[in-house]
Amino acid sequence: IINNAKVFIKIQKEYNSFSNYIWNFTNNEVIKNTDDKIKTTSPLSDLISNDLKRRGMKFVGSTIIYSYLQAIGIINDHEKRCDYY
């Protein structure tokens, strides 16, 4: 936890916020799931996971990052028939 917090703070200083860092990967665009396949990873979560690992974070695999991106609204994974799509 302490190690990841230190990396997090470095990212905040580099990008002025962790939000800026994360949204930088999508040019501030929400990624919409265009099919009804249930996913647990994506090229985006792979990319962010690898970057965080390169920076020294631990326990930031692609599945965890994918779930995080869903939770913060970067990936909209609602099914097409859902009102929130």
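Here is a short chat about the salt bridges in this predicted model.

Me: Before we start, what kind of model is this, and how are residues numbered?
Reply: It's predicted, so to speak from a program: local features need pLDDT of at least 70, side-chain atom pairs count only at pLDDT 80 or more, and totals for chains, interfaces and linings use all residues. Residues are numbered from 1 along each chain as its sequence is written, and side-chain values use heavy atoms, with hydrogens and water left out.

Me: How many salt bridges are there?
Reply: Four, taking a salt bridge as a side-chain nitrogen of Lys or Arg within 4 Å of a carboxyl oxygen of Asp or Glu.

Me: Which residues are linked in a network?
Reply: Glu14, Asp51, Arg54 and Arg55. Arg55 pairs with Glu14 at 2.9 Å, N to O. That pair links distant parts of the chain, with Arg55 in helix α3 (residues 43-55) and Glu14 in helix α1 (residues 2-15), 41 residues apart. Helices here are DSSP runs of H or I, at least four residues, numbered from the N terminus.

Me: And what about Asp51 and Arg55?
Reply: They form a salt bridge too, with the closest N and O atoms 2.8 Å apart. Both lie in helix α3, four residues apart, about one turn of the helix.

Me: Is Asp51 buried or exposed?
Reply: Buried, at 12% relative accessible area, whereas Arg55 is partly exposed at 22%. Buried means under 20%, exposed over 50%, partly exposed in between (1.4 Å probe, protein chains only).

Me: Switching topic, which residue does Asp35 meet in a salt bridge?
Reply: Lys39, at 3.0 Å, N to O. Asp35 is partly exposed at 26% relative accessibility, and Lys39 is partly exposed at 29%.

Notes: Helices (H or I, at least four residues) and strands (E, at least two) are DSSP runs, numbered from the N terminus.
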